[in-house]
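Visitor: I would like a close look at a single part of this protein, taken slowly, with its surroundings described as well. Could you take me through it?

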Amino acid sequence: DLVIGNSAFQNADALETLTLPKGIVSIGASAFSYIDSLRIISFATGSKLTTLGNDVFRDNTKLERINIEACTQLTNFPNSWLYNCPSITSLIVPASVETFGSWMFNYTDNIVTITFLAPSVPNNFYNGRRNLKTVNIGPGVKSIGNYAFQNSYGMTQLNIDPNVSGLSIGNSAFNNCDCIKSISLPAGVVSLDQGAFNNIDSLRTFTFAENSPITEIPRDCFGNNMSLE
């Protein structure tokens, strides 16, 4: 098992492709940061990676693709790990991730699709990004935090897996996601917080599952949805 230390390959500016074998278990802070030419980071299938350090891939402005979903034992998304990586367009959050740092996506504003498999979407996870189009919520997600995707003005699709169970949606989680036209909640969604689906200009239909266990519609949950039919 291999551990890569802090700043080990920082500023390795001619590197374009990084292939990490499955035996790597930990990558230290800033290990692969500030690499001007880096475009692809690939983790091997069966990756044993459990830990990433702060700033590990930050300021890789040309980075287009990272298959972090291959890291099925990874437990953390650290501080600023994808800070200023504006060429990234998709992200899959593995089911094993338990903790999330701060400033993870500052200046990483062009992610179009996020697929979330971990149990909890943290508060303010990826809010305020106009380029986000699609959010996929996997079957193991139990909570979507407050303001998680708020002000994602370009979002057109919210797909919640029909097999979710015990899912709670937080305060203003999808507030101002202005381009969604239709939302369907499966029976595994058990609670909504205030303002969860507020101010969605294009929303026309909202469907609860026939056997929905939701017992209360909170304040402003569907407020100011002027096109809701």
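Guide: What follows begins with one arginine and its partners and then moves outward to the core, the strands and the aromatic pairs. Please keep in mind throughout that this is a predicted model.

The arginine is R58, whose side chain meets that of D55 in a salt bridge with an N to O distance of 3.3 Å, and which also meets the side chain of D59 in a salt bridge, at 2.6 Å from N to O. Taken together, D55, R58 and D59 are linked in a network of salt bridges. Are the charged residues R58 and D55 buried or exposed? Both R58 and D55 are buried; for R58 the relative accessibility is 16%, and R58 counts as buried because the cut-off is under 20%. D59, at 13% relative accessibility, counts as buried too. Besides its acidic partners, R58 has an aromatic one, since R58 lies over the face of Y83, at 4.0 Å from the ring centre.

The surroundings of this network lead to W81, which, leaving aside its neighbours within four places in sequence, is in contact with D55 and R58 and also with L52, V56, F57, I66, I68, L91, M104 and F105. W81 has a further role in the picture, for the largest nonpolar core holds 66 residues, and W81, F149, I169 and F197 are the ones that touch the most other members.

One of the contacts of W81, I66, brings us to the strands. I66 in β6 stands opposite I41, and strand β4, residues 40-43, pairs with β6 in the parallel sense over two bridges. These two strands belong to an open sheet of three strands, in the order β2-β4-β6, with parallel pairing, and its edge strands, each pairing on one side only, are β2 (17-20) and β6 (65-66).

A second parallel pairing can be followed elsewhere in the chain, where four bridges join strand β12, residues 134-137, to β14, and where V135 stands opposite L158 in β14. Along β14, residues 157-160, the side chains alternate, so that L158 and I160 point to one face and are buried under the 20% cut-off, while Q157 and N159 point to the other and are not.

The aromatic residues add another layer, as a search of the whole structure finds 19 aromatic pairs. Among them is the edge-to-face pair of F77 and F100, with 5.7 Å from centre to centre and 85 degrees between the planes. This pair links distant parts of the chain, F77 lying in strand β7 (residues 76-77) and F100 in strand β9 (residues 99-100), 23 residues apart. F77, at 0% relative accessibility, counts as buried, whereas F100, at 21%, counts as partly exposed. F197 and F206 also form an edge-to-face pair, at 5.0 Å centre to centre and 70 degrees between the planes, and both F197 and F206 are buried.

To return to charged groups, R129 lies over the face of Y126, at 4.4 Å from the ring centre. The structure holds seven salt bridges, including one between D1 and K48, whose closest N and O atoms are 3.6 Å apart. D1 is in the segment before β1 (2-4) and K48 in the loop between β4 and β5 (51-52), 47 residues apart, so that this pair, too, links distant parts of the chain by the strand numbering used here. D1 is exposed, with a relative accessible area of 75%, and K48 is partly exposed, with 36%, while R58 and D55, with which we began, are both buried.

Note on methods. Residues are numbered from 1 along each chain as its sequence is written. This is a predicted model: local features need pLDDT of at least 70, side-chain atom pairs count only at pLDDT 80 or more; totals for chains, interfaces and linings use all residues. Side-chain values use heavy atoms; hydrogens and water are left out. Two strands pair if DSSP finds at least two bridges between them. Buried means under 20% relative accessible area, exposed over 50%, partly exposed in between (1.4 Å probe, protein chains only). Rings of Phe, Tyr and Trp (its six-membered ring) pair if their centres lie within 6.5 Å; planes under 30 degrees apart count as stacked, over 60 as edge-to-face and the rest as tilted. A charge sits over a ring if NZ of Lys or CZ of Arg is within 6 Å of the ring centre and within 35 degrees of the ring normal. A nonpolar core is a set of buried Ala, Val, Leu, Ile, Met, Phe, Trp, Tyr and Cys residues joined through side-chain atoms within 4.5 Å. Contact means heavy atoms within 4.5 Å. A salt bridge is a side-chain nitrogen of Lys or Arg within 4 Å of a carboxyl oxygen of Asp or Glu.
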